[in-house]
Amino acid sequence: MILFSLCSLLASLFVLVTGGKLPEPEVKIEVIHKPFMCHRKSKNGDMLLVHYEGFLESNGTMFHSSRKHGDKNPVWLTLGIREVLKGWDKGLQNMCTGERRKLTVPPSLAYGKEGKGKIPPSSTLIFDIELVEIRNGPRSHESFRDMDLNDDWKLSRQEVKEYLKKEFEKHGYSPNDTHHEVMVDDIFNNEDEDKDGFISAREFTYQHDEL
């Protein structure tokens, strides 16, 4: 009882000192293999092609393998847009093509207290992940720079409209300014998080999928 009270007191003091927030658990990253040459490293917005195997830390049971289950092909994902587990978004940063990592992901960055399918509630998960390929994603900084015509690191309504016009023409559709205006309105309503009339590089990389 005394030990419990002391732990509670220490936790309360820590919350007060840190302004009311406990630190978010981290992903443990172990590099299993790293290629000698590394021409590019993964970052938010990139599309990654990966092979992976997932295990329960508690008993070592494999719950999925891209090499053994399904069509046995590697899978595509876009990094940093919450398309995958938070633990993957954190653990697959700055990774080279051909690199393999072991990620130990705590429950709060995996499937939490609820669990999912074969994964029990509050499970710590271990993933063996090989990065097969990196491509520029629709949310990559490279794509943002293509749209940012005046290089001011933010997208204006006119720049977004020009991009939509080119995309329509590229796919054989006739330009329709009225339709473009409606689309631009929808995009800025969703993307312009701080409502300053521009879509910043951060808002573009981390937010939605309209563009």
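Biologist: Which residue in β6 is the bridge partner of L103?

Modeller: In this predicted model, the partner of L103 is F127 in β6. The bridge belongs to the pairing of β5 with strand β6, residues 125–135, in which 6 bridges join two strands that run antiparallel.

Biologist: What makes β5 and β6 count as paired strands?

Modeller: Pairing asks for at least two bridges between the strands, and β5 and β6 are joined by 6, so the pair satisfies the criterion.

Biologist: How do you know that strand β1 pairs with strand β5?

Modeller: Strand β1, residues 28–33, and strand β5, residues 100–105, share 5 bridges in the antiparallel sense; the requirement is at least two, and therefore β1 and β5 are a pair as well. One position can be followed in the structure, where V31 stands opposite R101 in β5.

Biologist: What joins β2 and β3, and which residue in the turn has a positive phi?

Modeller: The two strands form a hairpin with 5 residues between them, and G60 is the residue in the turn whose phi is positive, at about 80°. Strand β2, residues 47–56, pairs with β3 over 3 bridges in the antiparallel sense, and since at least two bridges are needed, the pairing of β2 with β3 holds.

Biologist: Why is S65 called buried?

Modeller: The relative accessible area of S65 is 0%, and buried means under 20%, so S65 falls within the buried class. S65 is placed in strand β3, residues 62–65, where E53 stands opposite it. Not counting residues up to four places away in sequence, S65 touches Y52 and E53.

Biologist: What makes the approach of the S65 side chain to the backbone nitrogen of R67 a polar contact?

Modeller: A polar atom of the S65 side chain lies 3.2 Å from the backbone nitrogen of R67, and the limit for such a pair is within 3.5 Å, so the distance condition is fulfilled. The side chain of S65 also reaches the backbone nitrogen of K68, at 3.3 Å, and this value again lies within 3.5 Å.

Biologist: Which residues line the second largest pocket, and how do they divide by type?

Modeller: Y52, which S65 touches, is one of the lining residues, and F127, the bridge partner of L103, is another; the others are F63, H64, V84, L85, W88, Y111, K116, G117, K118 and I119. The lining divides into 8 nonpolar, 2 polar and 2 charged residues, and the space in this pocket is about 230 Å³.

Biologist: Why is G117 counted as polar in that lining?

Modeller: The scheme names its nonpolar and charged residues and takes the others, Gly among them, as polar, and so G117 goes into the polar group.

Biologist: Why is K72 called exposed, whereas N94 is called partly exposed?

Modeller: K72 has a relative accessibility of 51%, and exposed means over 50%, so K72 passes that cut-off. N94, with a relative accessible area of 48%, is neither under 20% nor over 50%, and therefore belongs to the class in between. K72 lies in the loop between β3 and β4, while N94 is placed in the loop between α2 and β5. Phi of K72 is near 65°, a positive value in a residue other than glycine, and N94, which is not a glycine, has a positive phi of about 55°.

Biologist: What makes G197 partly exposed, and which residues is it in contact with?

Modeller: The relative accessibility of G197 is 33%, and this value is not under 20% and not over 50%, so partly exposed is the class that applies. G197 lies in the loop between α5 and β8 and, leaving aside neighbours within four places in sequence, is in contact with L155, F188 and D192. The C-alpha atoms of G197 and R157 are 7.6 Å apart in space, although the two residues are 40 apart in sequence.

Biologist: Why is Y163 in helix α4 called partly exposed?

Modeller: Y163 has a relative accessible area of 27%, and since this is neither under 20% nor over 50%, Y163 counts as partly exposed. Its C-alpha atom is separated by 6.4 Å from that of M147, 16 residues apart along the chain.

Terms used:
Residues are numbered from 1 along each chain as its sequence is written. This is a predicted model: local features need pLDDT of at least 70, side-chain atom pairs count only at pLDDT 80 or more; totals for chains, interfaces and linings use all residues. Side-chain values use heavy atoms; hydrogens and water are left out. On a 1 Å grid over the protein atoms alone, a cavity is a set of points where a 1.4 Å probe fits but cannot get out, and a pocket is an open set with protein on both sides within 12 Å along at least five of seven lines; lining residues have an atom within 4 Å of a point. Grid points are joined across faces, edges and corners, and a volume is the space filled by probe spheres set on the points. Helices (H or I, at least four residues) and strands (E, at least two) are DSSP runs, numbered from the N terminus. Buried means under 20% relative accessible area, exposed over 50%, partly exposed in between (1.4 Å probe, protein chains only). A polar contact is a pair of N or O atoms within 3.5 Å; within protein, one must be able to donate a hydrogen and the other to accept it, and residues adjacent in sequence count only if both atoms are side-chain atoms. Contact means heavy atoms within 4.5 Å.
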